[in-house]
Amino acid sequence: MAGITITLDDSQFSRWLHTALRSLNNPADALMEIGEVLTQSTQNRFGTKKAPDGSGWAPNSPVTIAIKGHGSQLRGKSKALGDTIHYQMDGAQAVQVGSNMVYAAVQQFGQPKGASGRTRRGAPIPWGDIPPRPFVGVSAEDETRIMEIVTDYLRPGH
């Protein structure tokens with residue numbers, strides 16, 4: 001998948017999760033459930049227009065609104081980005097959540113004007129600064145749900 005890899009920076013939660021997953025005989029089932037939860041959570045952000053940390057996405061510029069015909073961030077005419085969020089197992093020990101759209105990373109992290117070069121006519125690509133609009137990540141609610149999933153899989157007889 002040509003997506004975005006998110007690394008948890010909450011070391012305590014990350015240590016707990018890795019320890020718990022190592023203790024499972026087959027973590028793939030838990031990871032697939034986590035992948036489903038994070039996929040749904042990420043898709044829901046396109047409706048709330050909020051990053052995993054709860055902050056709102058930067059608004060579109062007036063020029064972008066004029067070109068697109070609406071002001072909804074990360075929603076083109078086809079709404080393709082939100083529809084391409086999925087998870088993928090990375091071996092049996094990890095899961096990745098993201099999009100295979102080539103512009104997904106630009107939307108997640110932003111991109112300064114001209115960072116992708118110039119057109120044949122010399123115009124910058126992109127033609128203006130694109131602010132970051134994080135849509136992939138783990139929210140506090142996601143952390144709670146992940147802990148519930150792993151705890152459930154650690155119960156005897158599961």
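**Note on the salt bridges and surface of a predicted model**

1. The structure holds three salt bridges. The model is predicted, and the points below take these contacts in turn before turning to the surface and to confidence.

2. One salt bridge is formed by the side chains of Arg145 and Glu33, with a nitrogen-to-oxygen distance of 3.3 Å. Arg145 belongs to helix α6 (residues 140–154) and Glu33 to helix α2 (residues 27–48), so this contact ties together parts that lie 112 residues apart in sequence. How accessible are the partners, Arg145 and Glu33? Arg145 is partly exposed, its relative accessible area being 32%. Glu33 likewise counts as partly exposed, at 27% relative accessibility.

3. Another salt bridge joins the side chains of Asp142 and Arg45, at 3.0 Å from N to O. This pair also links distant parts of the chain, since Asp142 is in helix α6 and Arg45 is in helix α2, 97 residues apart. Are Asp142 and Arg45 buried or exposed? Both residues are buried; the term applies because buried means a relative accessible area under 20%.

4. The side chains of Arg145 and Glu148 also meet in a salt bridge, with 3.4 Å between N and O. Here both residues lie in helix α6, and their separation of three residues is about one turn of the helix. Glu148 is partly exposed, with 44% relative accessibility. Which residues are joined into one network by salt bridges that share partners? They are Glu33, Arg145 and Glu148. Within this network, Arg145 meets Glu33 as well as Glu148.

5. The surface carries a nonpolar patch made of Val63, Ile67 and Trp127. Together, these residues have about 320 Å² of accessible area. Trp127 is located in the loop between α5 (104–109) and α6. With a relative accessible area of 48%, Trp127 is partly exposed; the label follows because exposed requires over 50%.

6. Confidence should be considered alongside these details. The average pLDDT of the protein chain is 84, and 84% of the residues score at least 70. Where is confidence lowest, and where is it highest? The lowest value belongs to helix α1 (residues 11–23), with a mean of 72, and the highest to strand β1 (residues 86–89), at 94. As a general caution, predicted coordinates should not be read in detail where pLDDT is low.

Conventions:
Residues are numbered from 1 along each chain as its sequence is written. This is a predicted model: local features need pLDDT of at least 70, side-chain atom pairs count only at pLDDT 80 or more; totals for chains, interfaces and linings use all residues. Side-chain values use heavy atoms; hydrogens and water are left out. A salt bridge is a side-chain nitrogen of Lys or Arg within 4 Å of a carboxyl oxygen of Asp or Glu. Helices (H or I, at least four residues) and strands (E, at least two) are DSSP runs, numbered from the N terminus. Buried means under 20% relative accessible area, exposed over 50%, partly exposed in between (1.4 Å probe, protein chains only). pLDDT is the predictor's confidence in each residue, from 0 to 100. Patches are made of residues with over 30% relative accessible area and no salt bridge: like charges are joined within 9 Å, nonpolar side chains (Val, Leu, Ile, Met, Phe, Trp, Tyr) within 5 Å. Accessible areas come from the Shrake-Rupley method with a 1.4 Å probe; for residues, only the protein chains shown count as cover.
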